[in-house]
Amino acid sequence: HTMHQYSQGSIDFSWVGTATKMYNNLFSIYSQVARNSRNSKEKQASMEQCLELLDDMLYWHKESGGTIAKPDSHTLGLILKTIFNSGLPSSFDCAQTTLQRLAGLGVKAKQGDYLILMKNAKDPTKVEEILNRVKANYDRDQSEKPNTSLYSECISAYARSRHQNSVPKVMHLFDELDQLYKSTGDLDFRPDSKLYGATIDAISKTKSQGNKAIRQATMLLDRMEKDFDSGLIDVAPNRYAYTSILSAISQARLPDGHVMAEDLLLRMNNRSRQVNDEDILPDVVAYTALLQALSRSKSPTKTDKANQWFAEMETRYAEGNSDMKPNKITYNALINCWRMSGRRDAGDQAQKVLELVEQRYQEGDYEIKPDAMMYSSVIDAWSRGQSTDKVERAWDLYSRMKDQYANGNIDMCPNDIIISTLIKCCGFAQGGEQAKTEGLKVLLRCFSDVTASKHIGQSPSTFYILLTSLSRLVG
């Protein structure tokens, strides 16, 4: 209405920025709707209306001879937020186009705009293209700076992608920024803890043979500690830098992975005392990664160590350290330590952990609600153990699962993986003919469930496991 009145000569803008401010207020509304709405159609409509409004703004800017409705950096920032809050697959390309359109009108993107663009690019090569664009502008007229945050985000993009050959690229970016800082002395290029952390994370997530990537990440951590101690960087390695390596160790299946994980966790404790920084102290993520590494270990003492570290977590949490509260992943890791222990009492010990989780859930810790995956792991622990009553105990667990699901607990839905685990348990029944007879009875019940339940897929692998277990019992 206002712009129509303007076209009729009924109103005039005494201040040239008035029309721009009016448009920006509308862009702000669209941005808020796209951010707060849970309806995907509303989000999409907000983005489309936002882009139509930009077309309208550019029309009046052109019609006025460039005197009113000129987009500014605030306009660009609001539009980019609306586009990315829409969550559409085309949002990155749409944002790139908008950036180029407004650049033609002399609107310069801020560092925050580039960061938003980089965070939403799924392909790390596109993220690097954005960084290279800023670098080219810096080399040409220093109108923009490829600062530490932009390098960190680019490296983080490679970390998210888990590209197999990303280590050379990541280290090239790291060294390039480091050299830029040394040659200019500009604090905007100074390496910080986020840069080191992102680089360590990217290297740790790289798929490589053996522990090569982990060794490279650890060397960079050594360098970070050394640079901080000598005053080259202001911020010491944070917890994120250490836990990135711990997480990589926990997933690497290395023969000595649990030793490396224990050493790194102890290093965090020692470093925290050395520099008087409690932010380095290991938290639930670090301890859980250690338990996961122990679960994959072949050490005969791994369950004792797992219980020891878990008890330390419990103690620190009881003393008031909320960062040490065990979560569902922690309990699953502890169950897996027993499941993969090869011990005779594996099932009994794994079930004790499950019962602890159930007790704490009943007491109000709803974040650790037991689910089918946790029950399945305990059933597998019974299967791998050597208890004479393991078939009966595993069937009892499975029956409890079914009862809970029948009563409305959707997290306890049986599936073909769980039934296959139980069938394998039947096939490895321990304790002579009586145990085999009991195993056969349970196996036939499992077969009945496979054929009758709509939740259990009748896959070839399930029937293969069933026939293999049957042959063990009657052979």
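Eleven of the 13 residues of helix H18 are buried, so H18 is largely enclosed by the rest of the structure. Buried here means under 20% relative accessible area, exposed over 50%, and partly exposed in between (1.4 Å probe, protein chains only). Helices (H or I, at least four residues) are DSSP runs, numbered from the N terminus. The structure is a predicted model, in which local features need pLDDT of at least 70 and side-chain atom pairs count only at pLDDT 80 or more, whereas totals for chains, interfaces and linings use all residues. Residues are numbered from 1 along each chain as its sequence is written, and side-chain values use heavy atoms, with hydrogens and water left out.

Among the buried residues of H18 are Met374, Tyr375, Asp380 and Trp382. The buried residues of H18 pack against H16, H17, helix H19 (390-406) and helix H20 (416-427), where contact means heavy atoms within 4.5 Å. The end C-alpha atoms of H18 are 18 Å apart, which agrees with the 18 Å that its 13 residues should span at 1.5 Å a residue; the expected span is 1.5 Å times one less than the number of residues.

Helix H16 (residues 328-339) has its end C-alpha atoms 16 Å apart, in agreement with the 16 Å expected for twelve residues at 1.5 Å a residue. Ten of these twelve residues are buried, so H16 is largely enclosed by the rest of the structure. Its buried residues include Tyr331, Cys337, Trp338 and Arg339, and their cover includes helix H14 (284-295), helix H15 (302-318), helix H17 (346-362) and helix H18 (372-384). At the N-terminal end of H16, Asn327 acts as a cap, with a side-chain oxygen 3.0 Å from the backbone nitrogen of Ile329. A polar contact is a pair of N or O atoms within 3.5 Å; within protein, one must be able to donate a hydrogen and the other to accept it, and residues adjacent in sequence count only if both atoms are side-chain atoms.

Another buried site is found in helix H4 (residues 73-85), which holds Thr82. Thr82 has a relative accessible area of 0% and is therefore buried. A polar atom of the Thr82 side chain lies 2.9 Å from the backbone oxygen of Leu78. Leaving aside residues up to four places away in sequence, Thr82 touches Phe27, Tyr30, Ser31, Ala34, Ser46, Met47 and Cys50.

Charged pairs come next. Side chains of opposite charge can pair when their charged atoms come close. With a salt bridge defined as a side-chain nitrogen of Lys or Arg within 4 Å of a carboxyl oxygen of Asp or Glu, the count comes to 34. In one of them, Arg360 and Glu314 have their closest N and O atoms 2.7 Å apart. This pair links distant parts of the chain, with Arg360 in helix H17 and Glu314 in helix H15, 46 residues apart. Arg360 is partly exposed, at 23% relative accessible area. Asp178 and Lys182 also meet in a salt bridge (3.2 Å, N to O); they are separated by about one helical turn, because they stand four residues apart in helix H9 (residues 166-184). Asp178 is buried at 13%, whereas Lys182 is exposed at 58%.

Two loop residues concern the backbone. Most residues other than glycine have a negative phi. Gln142, however, has a positive phi near 55 degrees; it is found in the loop between helix H7 (124-141) and helix H8 (148-161). Arg253 likewise has a positive phi of about 55 degrees, in the loop between helix H12 (239-252) and helix H13 (257-275).
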